[in-house]
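Open the model in your viewer and keep the sequence panel visible. The stops below say what to select and what is there.

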Amino acid sequence: MKIHFLILLGFLLIVSFLFLPVYAEPIDIRATIETRNLLTNLREIAKKGIMFGHQDALAYGVNWKNKKGRSDVKSVVGDFPAVVGWDIGHLELGREQNLDSVSFKDMRRWIKKVYQSGGVNTISWHADNPISGGSSWETSPAVVSILPEGSHHHIYLAWLDRLAGFFLSLKGNRGEYIPVVFRPFHEQTGSWFWWGRGHCTKEQYIQLWQFTIDYLTVVKNVHNVLYAYSTDVFNSREEYLMFYPGDDYVDILGFDDYHSIKSIETLDVFVKRLNMLTSIASEKEKVAIFSETGLETIPDPNWWTGVLLNGLHKMEPKPGIAWVLVWRNAWPSHHYAPYPGHVSGDDFKAFYRDKKIFFLKDIPSLYSK
Ligand code: BMA
């Protein structure tokens, strides 16, 4: 009797272990528990469906700004995006507002709100050119000068000190740090940013990436950040990995694509890219994301289900991507999510109802086990 009981117990234990999620280890070995849980939960989510994200979702929308509890996505479907993107461009300069006039004080508040409701905060960085003082799009050579041996390295250190101060200022009610996904030096396979292709060598890019992460984690003790490597469009595995800083320096793999999702005509290119991304991510045991996309002003009334969802459904699950994020709703001629009365509103509601697409109400809190 006793032996049978022990065998049964052993069997049950083995079965329950098989169904437990495998805990993902962030590259920062000192990552906080909430940050670890976030990575593990992103991995689990990607096996089940895709979260919807929107840049600056809570800060403003088309024809409004800074209204408590408002979001264009919420106004259309009655639910918030599960992922909210923010940009910290100009934080490096010590400014109070980012390059799109969002105050960092408000951003901090919204990041907390998203965290408390269980969603994800992802942060991009349209940093100014540290040498010329121009914008991110001012491409005179700069990377080489901010590396440890470079003439402007001290300036870059001051920038990172400000970033670290911001990350460490993100705290929940128990005083715990709020985890965020940081996606620096993005779209590097394109050549429009000063850190992009043609404006620095692959080695310099990688050195900048690795230095940035080592400095934030080791020197500044920032342990609430997951790091996302996010290219622009790419047509081969080699091109995707062109600037890859190594498995020890990346938690999440993504890409931005505003091209192949324009219409159904190029859907196969889109699906091919998604499949390349998820293959690389699953090989490397990293989480995959579709870090930025969208059709500016969404003039096609069926774009959400006809193009975006259509492509996402065709992706081979290996697992898939944890989220898809569309860019900001800045003004009437520059927006990527619908608002009330929008021509794509009904189709967006159909996209919202899809079982594989998760908005905030569909996800558990991603910060606990
Ligand atoms: C671009 C545009 C710009 C904006 C930048 C950073 O795609 O939306 O207006 O300043 O992103 O958010």
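Start at the ligand and select His334: a polar atom of its side chain lies 2.6 Å from an oxygen atom of the ligand. The model is a predicted one, and the distances given on this tour are computed from it.

Stay on the ligand and add Asp100, where a polar side-chain atom is 2.5 Å from a ligand oxygen. Then add Trp327, whose side chain has an N or O atom 3.1 Å from an oxygen atom of the ligand. Of the 300 Å² of accessible area that the ligand has on its own, the protein covers 77%. To show the residues around the ligand, select Leu99, Asp100, His126, Trp137, Trp327, Arg328 and His334.

**Salt bridges**

How many salt bridges does the structure hold? There are 14, and the tour visits some of them.

Keep Asp100 selected and add Arg328; their side chains meet in a salt bridge, with N to O at 3.4 Å. This pair links distant parts of the chain, 228 residues apart. Asp100 sits in the loop between strand E4 (83–87) and helix H4 (104–116), and Arg328 in the loop between strand E10 (321–326) and helix H11 (345–353). Asp100 is partly exposed, because its relative accessibility of 22% is not under the 20% limit for buried. Arg328 has a relative accessible area of 9% and is buried. Both residues of this salt bridge are also among those around the ligand.

Next, select Glu239 and Arg197. They form a salt bridge in which the closest N and O atoms are 2.7 Å apart. Glu239 belongs to helix H8 (residues 237–240), while Arg197 is in the loop between strand E6 (180–183) and helix H7 (202–219), so look for partners 42 residues apart that link distant parts of the chain. Arg197 is partly exposed at 29% relative accessibility.

Move on to Arg273 and Asp257, whose side chains meet in a salt bridge at 2.8 Å, N to O. Arg273 lies in helix H9 and Asp257 in strand E8 (residues 252–257), so the pair ties together parts 16 residues apart in sequence. Are these two residues buried or exposed? Arg273 is buried at 7% relative accessibility, and Asp257 is buried at 0%.

For the last stop of this section, select Glu34, Arg174 and Glu176. Salt bridges with shared partners join them into one network.

**The end of helix H9**

Select Lys284, which lies in helix H9 (residues 267–284). Apart from residues up to four places away in sequence, Lys284 touches Leu241, Tyr244, Asp247 and Leu253. Now draw a distance from the C-alpha atom of Lys284 to that of Trp303: the separation is 32 Å, for residues 19 apart along the chain.

Step to Glu285, in the loop between H9 and strand E9 (287–293). What is the phi of Glu285? The angle is positive, about 55°, although Glu285 is not a glycine. Most residues other than glycine have a negative phi. Glu285 is exposed, with a relative accessible area of 58%.

Glu187 is also worth selecting. This residue has a positive phi of about 55° and is not a glycine. Glu187 is placed in the loop between E6 and H7, and at 8% relative accessibility it counts as buried.

**Ser71**

Select Ser71, in the loop between strand E3 (64–65) and helix H3 (72–77). Which backbone nitrogens lie by a polar atom of the Ser71 side chain? The one of Val73 is 3.2 Å away, and the one of Lys74 is 3.0 Å away. Ser71 is buried, with a relative accessible area of 1%. Beyond its neighbours within four places in sequence, Ser71 is in contact with Ala57, Leu58, Trp64, Phe80 and Pro81.

**A surface patch**

Finish by selecting Phe5, Leu6 and Leu9 and turning on a surface. These residues make a nonpolar surface patch of about 310 Å². Leu6 is part of helix H1 (residues 2–19). Its relative accessible area is 53%, so Leu6 counts as exposed, for which the limit is over 50%.

Notes: Residues are numbered from 1 along each chain as its sequence is written. This is a predicted model: local features need pLDDT of at least 70, side-chain atom pairs count only at pLDDT 80 or more; totals for chains, interfaces and linings use all residues. Side-chain values use heavy atoms; hydrogens and water are left out. Patches are made of residues with over 30% relative accessible area and no salt bridge: like charges are joined within 9 Å, nonpolar side chains (Val, Leu, Ile, Met, Phe, Trp, Tyr) within 5 Å. Accessible areas come from the Shrake-Rupley method with a 1.4 Å probe; for residues, only the protein chains shown count as cover. A salt bridge is a side-chain nitrogen of Lys or Arg within 4 Å of a carboxyl oxygen of Asp or Glu. Helices (H or I, at least four residues) and strands (E, at least two) are DSSP runs, numbered from the N terminus. Buried means under 20% relative accessible area, exposed over 50%, partly exposed in between (1.4 Å probe, protein chains only). A residue is near a molecule or strand if one of its heavy atoms lies within 4 Å of it. A polar contact is a pair of N or O atoms within 3.5 Å; within protein, one must be able to donate a hydrogen and the other to accept it, and residues adjacent in sequence count only if both atoms are side-chain atoms. Contact means heavy atoms within 4.5 Å.
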